[in-house]
Amino acid sequence: MNRSFAAVFALVLALIIPSCGKSPLGKAGLQGEGTLAAIRDLTGAYERRDLDAFLEKVAPAYPERDAFLTSVEKIFATYQTIQFKLHFTKILVMVQDKGNIKATFTWEGEWRTTGGRIVKDGARVTLVLDPGTYKLVGIDGKNMFLPSDAPAPARQ
């Protein structure tokens, strides 16, 4: 009796395990993963203060690109330590049939000078990425790469 139960259990287990395999991601899933990787690469280059790598992640079509990059260069010269915390648990990635990819999430940042000055900032932002290259083409909301000296509003 115990042997027949063990044999049936082993047979059922052998049939169930292969059905638990993951199916490969579709086009939308791959674009979602590409979007998350692009955001991590962009913020990683910014945190490392690597201007060349950061420039590589910003599309030539970014509005007022030269002024933006000049501002980022000044940030890199002013602050020696930059840290970001991205809240990916509540991220919304919109991949449209035609047009750009939009990723909306909340972020917190901290910029430190060698003199001990600390600037903290954070907000909800939408980064607009080119679907072919995953480069930054726009920012809707507070620009996360340009810290504000005004204190962030208290959460309600």
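The accessible surface of the protein comes to about 10,100 Å², and carbon and sulfur atoms hold 56% of that area. The model is a predicted one. Of the 156 residues of the protein, 31% count as buried.

**Overall arrangement**

The protein contains 4 helices and 4 strands, which follow one another along the sequence in the pattern α-α-α-α-β-β-β-β. Among contacts with a separation of 6 or more, 56% join residues that are 24 or more positions apart.

**The nonpolar core**

In soluble globular proteins, nonpolar side chains tend to be buried together. The largest nonpolar core of this protein has 31 residues, and Tyr46, Phe54 and Phe145 have the most contacts inside it. The elements that give two or more residues to this core include those in the table.

| Element | Residues |
|---|---|
| Helix 2 | 27-47 |
| Helix 3 | 51-57 |
| Helix 4 | 65-78 |
| Strand 1 | 81-95 |
| Strand 3 | 118-129 |
| Strand 4 | 136-141 |

Strand 2 also gives two or more residues to the core. Leaving aside residues up to four places away in sequence, Phe145 touches Leu42, Thr43, Tyr46, Phe54, Phe68, Val72, Ile75, Phe84, Leu136 and Ile139.

**Thr104 in strand 2**

Thr104 lies in strand 2, which spans residues 101-112. Thr104 counts as buried because its relative accessibility is 17%, and buried means under 20%. Apart from its neighbours within four places in sequence, Thr104 is in contact with Lys90, Ile91, Leu92, Arg124, Val125 and Thr126. The side chains of Thr104 and Thr126 are also joined by a polar contact of 2.8 Å.

Definitions and conventions: Residues numbered from 1 in each chain as written. Predicted model: local features only at pLDDT ≥ 70, side-chain atom pairs only at ≥ 80, totals over all residues. Heavy atoms only, no water. Buried < 20%, exposed > 50% of the residue type's maximum accessible area, 1.4 Å probe, protein only. Polar contact = N/O pair within 3.5 Å; in protein donor to acceptor, adjacent residues only side chain to side chain. Contact = heavy atoms within 4.5 Å. Areas by Shrake-Rupley, 256 points an atom, 1.4 Å probe, with all protein chains shown as cover. Core = buried A, V, L, I, M, F, W, Y, C linked by side-chain atoms within 4.5 Å.
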